[in-house]
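Visitor: I'd like a close look at one part of this model, the metal site, and at how the rest of the chain is arranged around it. Could you walk me through it?

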Amino acid sequence: MAAASVDRKPFMQFMVFTDKMSDGVASIDHQHARLVAIINQLYALVLKHDKATSLEKVFDELAAYTEQHFEHEETLFAANGYPKLEEHRAHHEEFRRRLAEYRDRIGGRNDTILAADILHVLKQWLTAHIATDDKEACRHLNERGIR
Ligand SMILES: [Fe+2]
Ligand SMILES: [Fe+2]
């Protein structure tokens, strides 16, 4: 029996951006949803053992969009006098470092098992950061009328 004929379960999203993950600032929520979508795209590649689209390329897309998102948050928080900006920046910096390290580890190897492990770590980090650091900063923005 050909492996390709194996019946697959309906595709489930690896990460779901739910209403509960909303931090109450539209531009930030929108970008978080996009980050979740890119992570799902990576996971779909891993599940399909897709060799045609390189993991490295989508990883680069994730890193580029993460950079854009962090810059957006930091600019917005700075412009609104967020008192814990430096701490928040340091957490972003740590995530940047991790992303760069993971990308190096994935390299041109397209190692799907390693990629799956990495995606679980990224999911945990992002979920926790959105629920704690970003939520707190967005509350500060909400108090200044930004939604
Ligand atoms: Fe953040
Ligand atoms: Fe964020």
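Guide: Happy to. Let's begin with the angles at one metal: the four donor atoms around the iron ion (ligand 2) subtend angles of 83 to 171°, and that range makes the arrangement irregular. For four donors, a tetrahedral label would need all angles between 85 and 135 degrees, and the span of 83 to 171° does not fit that, so the site is called irregular. Please keep in mind that this is a predicted model.

Who supplies those donors? The iron ion (ligand 2) is held by NE2 of His32, NE2 of His69, an OE atom of Glu73 and an OD atom of Asp134, at 2.1 to 2.2 Å. Written along the sequence, the spacing of these donor residues is H-x36-H-x3-E-x60-D. The two histidines connect distant parts of the chain: His32 sits in helix α1 (residues 26-48) and His69 in helix α2 (residues 55-79), 37 residues apart. His32 has a relative accessible area of 0% and is therefore buried. His69, at 1% relative accessibility, counts as buried because the limit for that label is under 20%.

Now to the partner metal. The iron ion (ligand 1) lies 3.4 Å from the iron ion (ligand 2), with Glu73 coordinating both. Around the iron ion (ligand 1) you will find Glu73 (OE), His88 (NE2), His92 (NE2), His129 (NE2) and Asp134 (OD), at 2.1 to 2.2 Å. Asp134 (OD) is also listed among the donors of the iron ion (ligand 2). Along the chain, the donors of the iron ion (ligand 1) follow E-x14-H-x3-H-x36-H-x4-D. Here too a pair of histidines links distant parts of the chain, with His92 in helix α3 (residues 85-106) and His129 in helix α4, 37 residues apart. Both His92 and His129 are buried.

With the site in view, we can step back to the scaffold. The chain contains four helices and zero strands, and its elements run α-α-α-α from the N terminus on. Its C-alpha trace spans about 60 × 30 × 20 Å along the principal axes. Of the 147 residues, 41% count as buried. Among contacts with a separation of 6 or more, 74% come from residues 24 or more positions apart.

Next, the helix pairs that carry donors. The axes of α2 and helix α4 (residues 112-143) come within 13 Å and cross at roughly 10°. α2 and α4 are therefore roughly parallel to each other. On the α2 side, the contact includes His69, Phe70 and Glu73, and on the α4 side it includes Trp125, His129 and Asp134. By class, this contact of α2 with α4 has 12 nonpolar, three polar and two charged residues. So metal donors appear on both sides of it: His69, Glu73 and Asp134 coordinate the iron ion (ligand 2), while His129 is a donor to the iron ion (ligand 1).

The pairing of α3 with α4 has another geometry: these helices pack at an angle of about 170°, with their axes 12 Å apart. That angle makes α3 roughly antiparallel to α4. From α3 the contact takes in His88, His92, Phe95 and Leu99, among others, and from α4 it takes in residues including Ile118, Leu122, His129 and Asp134. This contact of α3 with α4 has 11 nonpolar, four polar and four charged residues by class.

Two further residues help to fill in the picture. Thr66 has its place in helix α2 and is buried, with a relative accessible area of 2%. Leaving out residues up to four places away in sequence, Thr66 touches Leu35, Phe95 and Leu99. Phe95 and Leu99 also belong to the α3 side of the contact with α4.

Ile39 is found in helix α1 and counts as buried at 1% relative accessibility. The C-alpha atoms of Ile39 and the bridging Glu73 are 19 Å apart, with their positions 34 residues apart along the chain. Outside residues up to four places away in sequence, Ile39 touches Phe14, Met15, Leu62, Leu119, Leu122 and Leu126. Of these, Leu62 and Leu122 also take part in the contact of α2 with α4.

Terms used
Residues are numbered from 1 along each chain as its sequence is written. Chains are lettered from A and ligands numbered from 1 in the order in which they are written. This is a predicted model: local features need pLDDT of at least 70, side-chain atom pairs count only at pLDDT 80 or more; totals for chains, interfaces and linings use all residues. Side-chain values use heavy atoms; hydrogens and water are left out. Donors are N, O and S atoms within 2.8 Å of the metal (3.2 Å for Na, K and Ca); water is not among the atoms, so sites may look incomplete. Four donors count as tetrahedral if all angles lie between 85 and 135 degrees; four count as square planar and six as octahedral if opposite donors are over 155 degrees apart and all others between 65 and 115; anything else is irregular. Buried means under 20% relative accessible area, exposed over 50%, partly exposed in between (1.4 Å probe, protein chains only). Axes are lines fitted to C-alpha atoms, for helices over the stretch in contact, and angles run from 0 to 180 degrees between N-to-C directions. Angles under 35 degrees count as roughly parallel, over 145 as roughly antiparallel, 65 to 115 as roughly perpendicular and the rest as oblique. Contact means heavy atoms within 4.5 Å. Ala, Val, Leu, Ile, Met, Phe, Trp, Tyr, Cys and Pro count as nonpolar, Asp, Glu, Lys and Arg as charged, and the others, Gly among them, as polar.
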